[in-house]
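Me: Please take a close look at one part for me: how the strands pair up and what packs on them. I'd like one connected walk through it.

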Amino acid sequence: MAQTDTSSETFAILSIRMPALPSFPHSAIHEVRVRQNAPKVSTANDSRSLFLKNIPSDSTEPHFRAVFTHLVGAGRFETIIFDDEAKPILPVDPAQATKVQGFAKKRKMTDVEVEEREREEQESKLPQIWTRQLHRSSSTAVVLLADEKSVQLVLKAIAKVQKSKKYPVWGENLADEVPPLGSAWISTHLQLSRVDKSAMQKSVHAFFNAFNRKEKEAVELSKRLRNEPDEDGFVTVTRGGRAAPASRNEAEVAKQRMVDRAAKKKSELQNFYRFQLREQRKKEQASLLRRFQEDRRKVDAMREKRGKFKPET
């Protein structure tokens, strides 16, 4: 799901009460900015999702599920996607995905091939060494709700909470158990960091196998697309000696050269016949004579004006 915070829309302020801790025995108010999600590239779920800015660094899905349950009740919150979550291994290039969708004729994989690729993807993932992920300061996230109506209910509930000052308490009424932080978190991390050597080597081999396969598929796809026209009938311009398509700038330059050649060829055909050349010369002579007569009249007028000038004595 695409995320962005460049919109000029006004954010609603969701205040959350942070409970006192042994290291900081005072309660505090944390403000999260909320508005309807409006990414640069729209998706089907934008109308039922909210964009969150300045989320707490120890945020988890159970934490926000409890907050939204406090605001509008259970059943409205579906999931949350943090902007700094681990991305899938070997993501598909969006430009390549567009080309695949528009041109490539994808071969239908068998069930055995699908299972093999899923197993390969799972094996290529490195083992987790943290039981709970912390987020950067001022991180963002996108909350997916049940429907469009839930978005408006949440925004109204936020405005109501701001007036009543009955803020949701961070970490209360969690539906799922959340691993603790502090010394227990660090101790578990140290234990998980001691990964079995054979398991690690297996993951590395699986990763490179998947990488090589996808790289080979990308090269084969680019070769197929070199001479296939797009929706407008244009063929992608490619560099000599390279299999990958050229950049958009190179395609624009090549298109401009083609337009210039067509314009030059058209101008060369304008005076192809002899009578056309004679007519063109007559027009040029008439234009020169007309300009000469205009200049002559200007000179005569200047001479006449100069002859009437009499200096004072």
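Reply: Happy to! Two strands count as paired if DSSP finds at least two bridges between them. Strands (E, at least two residues) and helices (H or I, at least four) are DSSP runs, numbered from the N terminus. The model is predicted, so local features need pLDDT of at least 70 and side-chain atom pairs count only at pLDDT 80 or more, while totals for chains, interfaces and linings use all residues. Residues are numbered from 1 along each chain as its sequence is written, and side-chain values use heavy atoms, leaving out hydrogens and water.

The protein chain has eight helices and five strands, in the pattern β-β-β-α-β-α-α-β-α-α-α-α-α. The five strands make an open sheet, ordered 1-2-3-5-4, with antiparallel pairing. At its edges are strand 1 (12–18) and strand 4 (77–82), each pairing on one side only. Neighbouring strands are turned by 30° against each other on average, direction ignored; axes here are lines fitted to C-alpha atoms, for helices over the stretch in contact.

Now for the strand 4 edge: five bridges join strand 4 to the antiparallel strand 5 (residues 139–145). Within this pair, Ile80 stands opposite Val143 of strand 5.

Two helices pack on the sheet through contacts (heavy atoms within 4.5 Å). Helix 1 (residues 61–72) touches strand 1, strand 3 (49–55), strand 4 and strand 5, and its direction makes about 135° with that of strand 4. Helix 4 (residues 148–164) touches strand 1, strand 2 (28–36), strand 3 and strand 5, its direction making about 65° with that of strand 1. Both angles are taken between N-to-C directions, on a scale from 0 to 180 degrees.
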